[in-house]
Amino acid sequence: MPHLNIILHPDPRLKKVSKSILEISDRIERLASDMLETMYKASGVGLAAPQVGVMERLVVMDCSSEGEKNEIILINPQIVWQSEAREAFEEGCLSIPDIREEIIRPQSVRVKFNLLDGTQVEKDFDGLWAICIQHEIDHLDGKLFIDYLGPIKRSVITRKMIKLKKELARKL
Ligand code: NI
(Lines give C-alpha, C1' and ligand atoms only; values in the text may rest on other atoms or scores of the structure.)
Protein backbone atom coordinates (compact mmCIF):
# COMPACT_ATOMS: atom_id res chain seq x y z
CA MET A 1 0.00 0.00 0.00
CA PRO A 2 1.35 3.43 -0.89
CA HIS A 3 2.54 5.75 1.79
CA LEU A 4 0.86 9.14 1.45
CA ASN A 5 2.63 12.46 1.84
CA ILE A 6 1.48 14.51 4.80
CA ILE A 7 1.10 18.20 3.95
CA LEU A 8 2.90 20.53 6.34
CA HIS A 9 1.65 23.89 7.60
CA PRO A 10 1.58 26.49 6.12
CA ASP A 11 -0.28 25.29 3.04
CA PRO A 12 -3.50 26.71 1.53
CA ARG A 13 -5.02 23.21 1.40
CA LEU A 14 -4.98 23.05 5.20
CA LYS A 15 -7.13 26.20 5.35
CA LYS A 16 -9.95 25.01 3.08
CA VAL A 17 -13.31 23.49 3.95
CA SER A 18 -13.53 19.92 2.65
CA LYS A 19 -16.48 18.53 0.69
CA SER A 20 -18.94 15.96 2.00
CA ILE A 21 -18.55 12.45 0.63
CA LEU A 22 -21.64 11.55 -1.37
CA GLU A 23 -20.64 8.07 -2.48
CA ILE A 24 -18.45 5.59 -0.64
CA SER A 25 -16.48 4.24 -3.59
CA ASP A 26 -13.50 1.87 -3.81
CA ARG A 27 -11.36 4.99 -4.02
CA ILE A 28 -12.60 6.17 -0.59
CA GLU A 29 -12.03 2.71 0.89
CA ARG A 30 -8.47 2.64 -0.46
CA LEU A 31 -7.83 6.18 0.70
CA ALA A 32 -8.98 5.30 4.24
CA SER A 33 -6.69 2.29 4.44
CA ASP A 34 -3.73 4.25 3.00
CA MET A 35 -4.41 7.03 5.50
CA LEU A 36 -4.40 4.57 8.40
CA GLU A 37 -1.10 3.13 7.26
CA THR A 38 0.37 6.63 6.85
CA MET A 39 -0.91 7.63 10.30
CA TYR A 40 0.58 4.56 12.02
CA LYS A 41 3.89 5.05 10.23
CA ALA A 42 4.03 8.65 11.44
CA SER A 43 3.08 7.54 15.00
CA GLY A 44 -0.02 9.74 14.88
CA VAL A 45 -3.38 9.09 16.54
CA GLY A 46 -5.51 10.80 13.89
CA LEU A 47 -5.36 11.95 10.28
CA ALA A 48 -7.83 13.91 8.15
CA ALA A 49 -8.01 13.61 4.34
CA PRO A 50 -7.06 17.25 3.63
CA GLN A 51 -3.73 16.54 5.38
CA VAL A 52 -2.90 14.23 2.48
CA GLY A 53 -4.26 16.67 -0.10
CA VAL A 54 -7.72 15.12 -0.53
CA MET A 55 -10.35 17.75 0.19
CA GLU A 56 -13.08 15.37 1.36
CA ARG A 57 -14.64 14.74 4.77
CA LEU A 58 -12.85 11.59 5.84
CA VAL A 59 -10.99 10.99 9.12
CA VAL A 60 -9.08 8.02 10.50
CA MET A 61 -8.11 7.63 14.17
CA ASP A 62 -6.63 5.25 16.65
CA CYS A 63 -6.17 6.65 20.15
CA SER A 64 -5.83 3.29 21.93
CA SER A 65 -2.89 2.74 24.23
CA GLU A 66 0.37 1.43 22.88
CA GLY A 67 0.35 -2.15 21.76
CA GLU A 68 -3.39 -2.10 21.12
CA LYS A 69 -5.05 -1.48 17.78
CA ASN A 70 -8.49 0.04 17.60
CA GLU A 71 -8.79 1.93 14.36
CA ILE A 72 -11.85 3.86 13.36
CA ILE A 73 -12.79 5.37 9.99
CA LEU A 74 -15.28 8.25 10.02
CA ILE A 75 -17.01 9.52 6.88
CA ASN A 76 -18.71 12.94 7.07
CA PRO A 77 -18.27 13.19 10.87
CA GLN A 78 -20.36 15.84 12.59
CA ILE A 79 -20.48 16.83 16.25
CA VAL A 80 -24.10 16.65 17.42
CA TRP A 81 -23.48 17.23 21.14
CA GLN A 82 -20.65 18.46 23.31
CA SER A 83 -20.23 18.49 27.10
CA GLU A 84 -20.20 21.73 29.06
CA ALA A 85 -17.14 20.42 30.87
CA ARG A 86 -13.92 21.41 29.21
CA GLU A 87 -10.45 20.06 29.45
CA ALA A 88 -6.98 21.33 28.62
CA PHE A 89 -4.79 18.98 26.63
CA GLU A 90 -1.40 19.39 25.01
CA GLU A 91 -2.12 18.79 21.32
CA GLY A 92 0.16 18.13 18.41
CA CYS A 93 -0.47 17.61 14.70
CA LEU A 94 1.26 15.60 11.98
CA SER A 95 1.05 18.72 9.78
CA ILE A 96 2.87 20.79 12.44
CA PRO A 97 5.65 18.46 13.61
CA ASP A 98 7.42 18.92 16.96
CA ILE A 99 5.02 21.60 18.20
CA ARG A 100 2.78 20.92 21.19
CA GLU A 101 0.44 23.45 22.76
CA GLU A 102 -2.25 23.26 25.39
CA ILE A 103 -5.74 23.69 23.91
CA ILE A 104 -9.04 23.73 25.80
CA ARG A 105 -11.94 21.79 24.30
CA PRO A 106 -15.15 20.09 25.44
CA GLN A 107 -14.32 16.93 27.40
CA SER A 108 -16.84 14.67 25.65
CA VAL A 109 -18.62 14.84 22.31
CA ARG A 110 -21.24 12.85 20.42
CA VAL A 111 -20.42 12.43 16.75
CA LYS A 112 -22.67 11.39 13.88
CA PHE A 113 -20.85 9.76 10.97
CA ASN A 114 -21.03 7.10 8.28
CA LEU A 115 -19.12 3.85 8.37
CA LEU A 116 -17.44 2.47 5.26
CA ASP A 117 -20.52 0.33 4.55
CA GLY A 118 -22.65 3.48 4.53
CA THR A 119 -24.36 2.87 7.90
CA GLN A 120 -24.94 6.07 9.84
CA VAL A 121 -24.03 5.85 13.51
CA GLU A 122 -23.77 8.10 16.55
CA LYS A 123 -20.97 7.52 18.99
CA ASP A 124 -19.80 9.17 22.21
CA PHE A 125 -16.13 9.98 22.57
CA ASP A 126 -14.25 10.77 25.79
CA GLY A 127 -10.69 11.39 26.85
CA LEU A 128 -8.05 11.44 24.14
CA TRP A 129 -10.60 10.15 21.60
CA ALA A 130 -12.79 13.24 22.17
CA ILE A 131 -9.84 15.62 21.80
CA CYS A 132 -8.69 13.83 18.67
CA ILE A 133 -12.02 13.75 16.85
CA GLN A 134 -12.57 17.47 17.51
CA HIS A 135 -9.05 18.22 16.22
CA GLU A 136 -9.66 16.11 13.09
CA ILE A 137 -13.09 17.59 12.32
CA ASP A 138 -11.44 21.02 12.59
CA HIS A 139 -9.09 19.90 9.78
CA LEU A 140 -12.16 19.21 7.59
CA ASP A 141 -13.23 22.80 8.23
CA GLY A 142 -9.81 24.25 7.40
CA LYS A 143 -8.92 24.88 11.03
CA LEU A 144 -5.66 23.99 12.79
CA PHE A 145 -5.12 23.65 16.55
CA ILE A 146 -2.76 26.63 16.47
CA ASP A 147 -5.73 28.75 15.34
CA TYR A 148 -6.88 28.58 18.99
CA LEU A 149 -3.69 30.30 20.12
CA GLY A 150 -3.07 34.04 20.16
CA PRO A 151 -1.76 35.67 16.97
CA ILE A 152 1.80 36.14 18.28
CA LYS A 153 2.25 32.53 19.38
CA ARG A 154 0.71 31.37 16.12
CA SER A 155 3.01 33.47 13.96
CA VAL A 156 6.09 32.25 15.86
CA ILE A 157 5.04 28.64 15.13
CA THR A 158 4.30 29.43 11.49
CA ARG A 159 7.72 31.03 11.04
CA LYS A 160 9.35 27.94 12.59
CA MET A 161 7.41 25.75 10.18
CA ILE A 162 8.40 27.82 7.13
CA LYS A 163 12.04 27.35 8.18
CA LEU A 164 11.55 23.61 8.67
CA LYS A 165 9.93 23.26 5.23
CA LYS A 166 12.85 25.09 3.62
CA GLU A 167 15.30 22.75 5.35
CA LEU A 168 13.33 19.68 4.24
CA ALA A 169 13.18 20.97 0.64
CA ARG A 170 16.95 21.45 0.65
CA LYS A 171 17.48 17.85 1.75
CA LEU A 172 15.41 16.45 -1.16
NI1 NI B 1 -3.81 17.61 13.00
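Here are some notes on this predicted model, starting at the metal site and working outwards.

1. **The nickel site.** Three side chains hold the nickel ion: Cys93 through SG, and His135 and His139 each through NE2, with distances of 2.1 to 2.2 Å. Read along the chain, the donors follow the pattern C-x41-H-x3-H. Cys93 sits in strand S4 (residues 86–93) and His139 in helix H2 (residues 127–140), so this pair links parts of the chain that lie 46 residues apart in sequence. If you set up a metal model here, bear in mind that water is not among the atoms, so the site may look incomplete.

2. **Around His139.** Cys93 and His139 are both buried. For His139, which belongs to helix H2, the relative accessible area is just 2%, so it falls under the 20% limit for buried. Leaving aside residues up to four places away in sequence, His139 is in contact with Lys16, Ala48, Pro50, Gln51, Cys93 and Leu144. One of these partners, Cys93, is also a nickel donor.

3. **Helix H2 as a whole.** How many of the 14 residues of H2 are buried? Eleven are, which leaves the helix mostly covered. The buried set is Ala130, Ile131, Cys132, Ile133, Gln134, His135, Glu136, Ile137, Asp138, His139 and Leu140. The length looks right as well: at 1.5 Å a residue H2 should span 20 Å, and its end C-alpha atoms are 21 Å apart, which agrees.

4. **Just after H2.** Gly142 follows H2 and has a positive phi, near 75 degrees. In space, Gly142 lies 9.0 Å from Pro12, C-alpha to C-alpha, although the two are 130 residues apart in sequence. Pro12 belongs to the segment before H1; its relative accessible area of 61% is over 50%, so Pro12 counts as exposed.

5. **Helix H3.** This helix covers residues 151–171, 21 residues in total, and reaches 30 Å from first C-alpha to last, close to the 30 Å expected at 1.5 Å a residue. Ile157, Thr158 and Met161 are buried in H3. Looking down the axis of H3, the buried residues stay within an arc of 100 degrees, so they line one face of the helix. The general point behind this is that an α-helix has 3.6 residues a turn, so residues three or four places apart point the same way.

6. **Both sides of H3.** What covers the buried residues of H3? Strand S5 (96–106) is part of the cover. On the face turned away from the buried side, the exposed residues are Ile152, Arg159, Lys160, Lys163, Lys166 and Arg170.

7. **Rings and charges.** The aromatic pair count is zero here. There are charges over rings, though: Lys69 lies over the face of Tyr40, 4.7 Å from the ring centre. Likewise, Lys123 has its charged end over the ring of Phe125, at 5.5 Å from the centre.

8. **Backbone spots to look at.** The peptide bond between His9 and Pro10 is cis, with omega at about 0 degrees, and Pro10 is in the segment before H1. Two residues other than glycine have positive phi: Ser43, near 55 degrees, and Asp98, near 65 degrees. Ser43 is in the loop between H1 and strand S1 (46–48), and it is exposed at 65% relative accessible area. Asp98 is in strand S5 and is also exposed, with a relative accessible area of 79%.

9. **An exposed leucine.** Is Leu22 buried or exposed? At 84% relative accessibility, Leu22 counts as exposed. Leu22 is located in the segment before helix H1 (26–41). Its C-alpha atom is 9.8 Å from that of Arg57, a residue 35 places away along the chain.

Methods
Residues are numbered from 1 along each chain as its sequence is written. This is a predicted model: local features need pLDDT of at least 70, side-chain atom pairs count only at pLDDT 80 or more; totals for chains, interfaces and linings use all residues. Side-chain values use heavy atoms; hydrogens and water are left out. Donors are N, O and S atoms within 2.8 Å of the metal (3.2 Å for Na, K and Ca); water is not among the atoms, so sites may look incomplete. Helices (H or I, at least four residues) and strands (E, at least two) are DSSP runs, numbered from the N terminus. Buried means under 20% relative accessible area, exposed over 50%, partly exposed in between (1.4 Å probe, protein chains only). Rings of Phe, Tyr and Trp (its six-membered ring) pair if their centres lie within 6.5 Å; planes under 30 degrees apart count as stacked, over 60 as edge-to-face and the rest as tilted. A charge sits over a ring if NZ of Lys or CZ of Arg is within 6 Å of the ring centre and within 35 degrees of the ring normal. The expected span of a helix is 1.5 Å times one less than its number of residues. The arc is that of the directions from the helix axis to the C-beta atoms. Contact means heavy atoms within 4.5 Å.
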